[in-house]
Amino acid sequence: MTSIDEPLLLETAAKHGVPAPVAQELMARTRPCLYLVPHDEVPVSRRENARPAARTGGLPALPDGTDWPEPRNPLVLSIACAALPHDALDIELPADGHLLLFTEIEYPPESSVVLHIPAGARTTEGSATYELNGETEQVRVYEPRTLYPVLGLTLDGDEEGGPQTRAFLDEDGAEEALDGFEEAVLDMAFGGQRPGVCVQLGGFSDSWDMAPDVDGLVLFAQMAGQAIDYNVCTMNLIVGTQEDIAARRYADLQYDQQC
């Protein structure tokens, strides 16, 4: 999992005027994530070993005899599980095969579907056209874009943090210092400036409204609409329990779209 060694953490805290106990409390509020980004957004220091692990849009490779999931939402993301960094997250994703995410990112969808296609399954590319009441219809197909995984850290939304942090925030200028330190730590974990628009697996959500990963629910995936279609400004979040995610009970996951 993503980590920052303590000497570097404390050195960064000192540069921002943040006491060591506050820095240690902040690290206790983090969770690892994987950002899925285009190659030109992979930090330079990590590009040499970067390999593709996902794709936005395109047509799905479905097991022979399997139809496009109803109600035929667009395919927004395909993930090659074996290409993800091993043990990178604190949620359990399949070790191999492909995860396919179908949903409508432009308008509130009727449903969201996550499928796991086992490794070695015989597949055929799904067709975007289909018959409905005697008429030929077509599913929207987004432009395929290859994405690369980059490890990162996320921070929960509790701005006050623990007792050391609350005491520090009573001091003049402390809030600005803490904000700068938090940004520095999260960028450091990514290896450069974190992308503002991307796909994220695991970690805490970066929601635009009420966070859906509360009350025992954790983030499975977060997709900025612009990461899939430059003209779509939505935030699309899929959450579930740790147990449902580990057991691949993807039908029990919950979807939230924010605009």
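Begin by selecting strand E4 (residues 75-80) and strand E5 (residues 98-102), which pair in the antiparallel sense over 5 bridges; strands are DSSP runs of E with at least two residues, helices are runs of H or I with at least four, and both are numbered from the N terminus. Two strands count as paired if DSSP finds at least two bridges between them. Within this pair, pick Leu77 and then its bridge partner in E5, Leu101.

This is a predicted model, in which local features need pLDDT of at least 70 and side-chain atom pairs count only at pLDDT 80 or more, while totals for chains, interfaces and linings use all residues. Residues are numbered from 1 along each chain as its sequence is written, and side-chain values use heavy atoms, with hydrogens and water left out.

Next, widen the selection to the sheet, an open one of 10 strands that runs E6-E5-E4-E2-E10-E1-E11-E12-E13-E14 with antiparallel pairing. Strand E6 (113-117) and strand E14 (254-258) stand at the edges with a single partner strand each, so one side of each is left without a neighbour in the sheet. From one strand to the next, the twist averages 25°.

Now add helix H4 (residues 174-190), which packs on the sheet and touches strand E1 (30-37) and strand E10 (145-155), its direction making about 140° with that of E10. Contact here means heavy atoms within 4.5 Å, and angles run from 0 to 180 degrees between N-to-C directions, with axes fitted to C-alpha atoms, for helices over the stretch in contact.

Keep H4 in view and bring in H2, which packs against H4 at an angle of about 50°, with the axes 12 Å apart. The two helices are therefore oblique to each other, the class left over once angles under 35 degrees count as roughly parallel, over 145 as roughly antiparallel and 65 to 115 as roughly perpendicular. To display the contact, select Val22, Ala23, Leu26 and Met27 of H2 together with Leu178, Phe181, Glu182 and Val185 of H4.

Finally, turn to helix H1 (residues 6-15) and helix H2 (residues 20-27), whose axes come within 9 Å and cross at roughly 120°, which makes H1 oblique to H2. The residues to select for this contact are Glu6, Leu9, Leu10 and Ala13 of H1, and Ala20, Ala23, Gln24 and Met27 of H2.
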